Amino acid sequence: MKVKNICCIGAGYVGGPTMAVIAQKCPEINVTVVDINEKRIAAWNDKDVNNIPIYEPGLSEVVEQARGRNLFFSTDVDAAIDQADMIFISVNTPTKTYGIGKGMAADLKFIELCARQIARVSTTDKIVVEKSTLPVRTAEALRNILDNTGNGVKYQILSNPEFLAEGTAVDDLMDPDRVLIGGDIDTIEGAEAVEALVDVYAHWIDRERILTTNVWSSELSKLTANAFLAQRVSSINALSELCEKTGADVNEVAKAVGMDSRIGPKFLQSSVGFGGSCFQKDILNLVYIAKSYGLNEVADYWEQVIIMNDHQKKRFAANIVKTLFNTVSGKKIGILGWAFKKDTNDTRESASIYVVDYLLNERAEVVVYDPQVKAEQIYADLDYLNSRPEDENRARVTIVNSPEDVTKQAHALAVLTEWDEFKDLDWTAIYKNMLKPAFLFDGRRILDRVEKENIGFDYYAIGS
């Protein structure tokens, strides 16, 4: 089977970049990305490609090459489903905030709505691909909906989890470590569907790096990969606190441990904690699945990764208060960086949100600069926590357009996103602009030269 038309439901952080690269690499395949969010689709179709809704290095160039040729963005979901041979489901699967599994289980309501819409519209056989991160055995629920509420057409359900790191998503799509495709490989129809998706990726990826498994292994592999990565972050952060108490240097410890070929150096840099849309959500999902099978010890093991991450964010904020003579009430605290990591405008579960929330609870006055995150998003992130009235957030949090504006007459600065531009600031001039004594808190450990050049800050870095 050769795929000629692809539809992707969901124009977010996964669907948009993934489909853009597929369209660029497969010019003979028409790729349509659909979403009911009219504002988002309008941004993807903006004449100025620099205004697309997702910031990723290299993404605007990819979109510019393919958009209007074989890459299209639309709100007409039914039409795209009807024309597609293959449908990717790439909608949000947030943690449930209600009912059974509240706070842990994945909320699959958007997945179910997609399945019912596909079943209602489809009049020809389809390959349906799970691109969203889903609990193991979700494909079984999809099949029940598609087979029992549709028009009698046949469906093959595949799992094709994404392994993208925000900030390097385009590179990860162009040159991935592996592509994982799960399907019903023990049947002729299932094997053919898997091969159809393999052929799409084989346009630019060596087949040796395209792994095929059963659906359940593919679904669980995504959760497992994120859990392992997050575990490494929490492990080194736990040791950073021990290093501070004992006089050890966590960076030296991490280097020594990372040089062991069995361990490796990646994800061993201590920080204020991990963020992003995946790690916490996926681990909580894994915890819930384990508990649902009665595997309480397994659940407790993975839940500790989240507990440690929350502790690290609170500990960092508490150290700011402690260093500033146990009070930040009325003091100006500058925040450099709001995105959860550099080279993205994604703020979901960013450590900055929780550090600032803690400081606001201590009555600090906060000034924020981030090169890619808009003011409306920063306020929305704080409002979502519902810790205080929205008008209070706007009264006590100021968003500015340059790092220099953050630093003027500030009592302290906290670097919470590792943007490259922060390394190259004139830190001597910044020190002169701040109130004395001036305090610098480096939550990402990117400003070694400030310490080496002895600029004058009372300098605190996680694990230093």
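This report describes selected strands, helices and contacts in a predicted model.

## The six-stranded sheet

Six strands come together in an open sheet, and, read across the sheet, their order is 11-10-9-12-13-14, with parallel pairing. Strand 11, made of residues 397-399, and strand 14, made of residues 458-461, stand at the edges with a single partner strand each, so one side of each is left without a neighbour in the sheet. From one strand to the next, the twist averages 20°.

Within this sheet, strand 9 covers residues 332-336 and pairs with strand 12, residues 412-415, in the parallel sense over four bridges. In this pairing, I335 stands opposite A414 of strand 12. Strand 9 is also joined to strand 10 by five bridges, and these two strands run parallel as well; here L336 stands opposite Y369 in strand 10.

Is strand 9 mostly covered or left open? Five of its five residues are buried, and this holds on both faces, with K332, G334 and L336 on one side and I333 and I335 on the other.

## Helices lying on the sheet

Helix 12, which spans residues 296-323, lies across strand 12, strand 13 and strand 14, and its direction is at about 170° to that of strand 13, residues 439-442. Helix 14, residues 375-385, also packs on the sheet, where it touches strand 10 (365-369) and strand 11, and its direction makes about 155° with that of strand 11.

## Helix 12 against helix 13

Helix 12 also meets helix 13, residues 351-361, and the axes of the two helices come within 9 Å and cross at roughly 40°. That angle makes helix 12 oblique to helix 13, and the crossing is right-handed. On the side of helix 12, the contact involves K313, K314, F316, A317, A318, I320 and V321, while helix 13 contributes A351, Y354, V355, Y358 and L359. Sorted by character, the residues of this contact comprise 10 nonpolar, no polar and two charged.

Helix 13 is itself mostly covered, since eight of its 11 residues are buried. The buried residues are A351, S352, I353, V355, V356, D357, L359 and L360, and they pack against several elements, namely helix 12, strand 9, strand 10, helix 14, helix 15 (390-396) and strand 11. Just after the end of helix 13, R363 takes a positive phi of about 70°.

## Strand 4 and its partners

Earlier in the chain, strand 4 covers residues 86-89, and its side chains alternate in direction: M86 and F88 point one way, I87 and I89 point the other way, and all are buried. Which strands pair with strand 4? One of them is strand 1, residues 5-9, which runs parallel to strand 4 and is joined to it by four bridges; in this pairing, I89 of strand 4 is the bridge partner of I9. Strand 5, residues 126-130, also pairs with strand 4 in the parallel sense, again over four bridges, and I87 stands opposite V128 in strand 5.

## Helix 1 against helix 3

Helix 1, residues 15-25, and helix 3, residues 59-66, have axes that come within 9 Å and cross at roughly 50°. The two helices are therefore oblique to each other, and their crossing is left-handed. In this contact, P17, A20, V21, A23 and Q24 in helix 1 meet L59, V62, V63, Q65 and A66 in helix 3. The residues of this contact divide into eight nonpolar, two polar and no charged.

## A residue in a loop

Where does N92 lie in the chain? This residue belongs to the loop between strand 4 and helix 5, the latter being residues 109-121. N92 is partly exposed, with a relative accessible area of 43%, a value that falls between the 20% limit for buried and the 50% limit for exposed residues.

When neighbours within four places in sequence are set aside, N92 is in contact with D107 and F110. The C-alpha atom of N92 is separated by 16 Å from that of L142, a residue 50 residues apart from N92 along the chain.

Notes. Residues are numbered from 1 along each chain as its sequence is written. This is a predicted model: local features need pLDDT of at least 70, side-chain atom pairs count only at pLDDT 80 or more; totals for chains, interfaces and linings use all residues. Side-chain values use heavy atoms; hydrogens and water are left out. Two strands pair if DSSP finds at least two bridges between them. Axes are lines fitted to C-alpha atoms, for helices over the stretch in contact, and angles run from 0 to 180 degrees between N-to-C directions. Contact means heavy atoms within 4.5 Å. Angles under 35 degrees count as roughly parallel, over 145 as roughly antiparallel, 65 to 115 as roughly perpendicular and the rest as oblique. A crossing is left-handed if the near helix is turned anticlockwise from the far one by less than a right angle, and right-handed if clockwise. Ala, Val, Leu, Ile, Met, Phe, Trp, Tyr, Cys and Pro count as nonpolar, Asp, Glu, Lys and Arg as charged, and the others, Gly among them, as polar. Buried means under 20% relative accessible area, exposed over 50%, partly exposed in between (1.4 Å probe, protein chains only).
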